[in-house]
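Q: I would like a close look at a single part of this model, followed outward into the rest of the chain. Please take it step by step and keep to what the coordinates support.

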Amino acid sequence: MPRTLDSLAISTGKVKVPVHEKLRHRFGDYIVFQVASKGHANYPTGSVTLIAERLIQIMPFDAKEPTNSPSTTRKATGNNRFLHSNIHKWLNSEGAWYEPQHTYDAPPSFANVVNNPYDAWLGFSSVLPKSFVDALLPTSVVCALCNSDTAGTEEITTKMFLPSPTEIGLTTSPPEGTLLPMFTTEIASRIAKPTKEAVAASDYSSTSLAETKNWHWWLRTPALTSDTNVRTIDTTGALYATAVAANNGARGVRPMCNIAGSQMISDAPDTNNVYEFVWPTEETEEDGMKKGWVQIGDATGGYEQIAPQTYADSVFLDAEHQETVASKVEDLKSDIVLAQMRAEQAVSMATNAVQVVVNADPPTDPKPNMIWIRP
C-alpha cells in the first residue's frame, strides 16, 4: 500500500520527481528532493518541506539591467532582490517564462549574463509533471532586502524558492525564516554536488565543476551593502566569504518547495532508497474510450446500462446522463448528494442510503439501492 510523504524521515527521506522526456538531456530523468522539515513554522499547515538533493542547474541569479540608470551596479551586474530576480520568476513559471518584474528588468540573455543564459528555456514548471506542480503549496517566504531597497525584510508568497542562510543553519542579519531541522547539526547537509546533466549543459567550465565534486550554490539573500551581490554557499558548506554578482552564471540552483504531508508516495523505495510520488492515473483519450459502463439498480434489482458515447462521457457523464442518474436516485428515494460521476470511480455521497459497487462484473446479489460502476 502507498504511504504518505510525511512518513519519511527528515534529511534521509528522499522522493523523486520525473522530468519531462524532452528535457531530460538538461535535467536528468528525475529530480530528487530531500525532506528538510515537516510542519515547519510559518509554512503551510501539515506540509513537508523539500529541497533538491543536487544542484539542478548552473545559472545566474539575475541579468544585468542595461536601462537601470538609477543604479549603476544593477545596470552592470543585475538585481539581488529575490522577488524581482530572473531565477525566482523562472522557478515559478511554465512555458515561455520571461516577463519584466519591474521597470528596469531584463532577460537573462547572452548579452546580459556571464555564462549560462536561460531566457529561451521553458519555465521550470514545464520540466516537472503537472500533478507535482499542481500539488505545490503557496508559501509565505521571508526575504531580506539590501540597504538600497529600504533594508529589513519583505514577505512574498511563492511555490518554488531558494533557501536563506537562517533556514540552513547560518547566522545573518536580518533573519529570514527559521532553521530547517535537516540543517540543525550537519554542515554536510549544506554541501551539494551538481547533476551530471547540469555540468554537461553548463557553458561555464572548471576542473572543479563535476558531478562528483562539491559546488557553489545560490541563496535568496542579498548582500546588505550591495544592490547587486547575492550570498552563496561554497564547496565546504560554509557561507561564501564574498557575495557574488547576480549575473554570474557559475553558481548552482537548489530549489525548495512545500507539499502536503498527506500526499501519497510509493510503498517502498527504489534501489537508491528514493521514493516516488503516487498520482491519480492520467488517461489518454484512447484509454478513456475503452472505459466501461455505468449501471444503476432499479426497484426489481435489475440494471439499466448507460454507455458512454465519447471520451468526455466516459470520464465525466454528460448532462443527460447525470440527469438520468439523478432521476434514478430520486426514484430510489435516497438522500444523497451526487458530486461527480466517473466511469472508473465511486460516487461521493452524503449518506450510505445508496451502495456503490466498483467491479468489472455485476454484483451477484444486486439490491434495489445499489449503483454499479464498471471500471
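Leaving aside its neighbours within four places in sequence, which residues is Phe 124 in contact with?

A: The model is a predicted one, and what follows should be read with that in mind. Leaving aside neighbours within four places in sequence, Phe 124 is in contact with Phe 27, Ile 31, Ile 56, Trp 90, Leu 91, Ser 93, Met 160 and Pro 255. Phe 124 belongs to the largest nonpolar core, a set of 63 residues, and is listed with Phe 33, Ile 87, Trp 90 and Phe 132 as the residues with the most contacts inside that core. Trp 90 therefore appears twice in this picture, being a contact of Phe 124 and one of the core residues with the most contacts, a grouping that fits the general tendency, in soluble globular proteins, of nonpolar side chains to be buried together.

Ile 31, one of the contacts of Phe 124, leads to strand S3, which spans residues 30-38. This strand takes part in an open sheet of five strands with mixed pairing, whose order is S12-S4-S3-S2-S14. Strands S12 (256-260) and S14 (275-276) stand at the edges of the sheet, and each has a single partner strand, so one side of each is left without a neighbour there. On one flank of S3, five bridges join the strand to S2 in an antiparallel arrangement, and within this pairing Gln 34 of S3 is the bridge partner of Lys 14. Strand S2 (residues 14-18) is in turn joined to S14 by two bridges, this time with the strands running parallel, and here Val 15 has Tyr 275 of S14 as its bridge partner.

Strand S3 also contributes to the largest pocket, which has a volume of about 400 Å³. There are 17 lining residues, and those closest to the centre of the pocket are Tyr 30, Val 32, Arg 54, Thr 195 and Glu 197. The largest share of the lining, three residues, comes from S3, while S3 and helix H5 each supply at least two residues.

Helix H5 (196-201) also marks one end of a loop that begins after strand S7 (153-158), and Ser 164 is found in that loop. Ser 164 is buried, with a relative accessible area of 0%, and a polar atom of its side chain lies 2.7 Å from the backbone oxygen of Glu 176. Not counting residues up to four places away in sequence, Ser 164 touches Glu 176, Leu 219, Arg 220 and Thr 221.

A contrasting loop position is Thr 225, between strand S8 (217-222) and strand S9 (229-233). Thr 225 is exposed, with a relative accessible area of 78%, yet its C-alpha atom is separated by 5.9 Å from that of Asn 147, a residue 78 positions away along the chain.

For the chain overall, there are eight helices and 18 strands, and buried residues make up 49% of the 375 residues. Among contacts with a separation of 6 or more, 60% are between residues 24 or more positions apart.

Conventions
Residues numbered from 1 in each chain as written. Predicted model: local features only at pLDDT ≥ 70, side-chain atom pairs only at ≥ 80, totals over all residues. Heavy atoms only, no water. Pairing = 2+ DSSP bridges. Helix = DSSP H or I, 4+ residues; strand = E, 2+ residues; numbered from the N terminus. Buried < 20%, exposed > 50% of the residue type's maximum accessible area, 1.4 Å probe, protein only. Polar contact = N/O pair within 3.5 Å; in protein donor to acceptor, adjacent residues only side chain to side chain. Contact = heavy atoms within 4.5 Å. Core = buried A, V, L, I, M, F, W, Y, C linked by side-chain atoms within 4.5 Å. 1 Å grid on protein atoms, 1.4 Å probe; cavity = no way out; pocket = protein on both sides within 12 Å on 5 of 7 lines; lining within 4 Å. Points joined across faces, edges and corners; volume = space filled by probe spheres on them.
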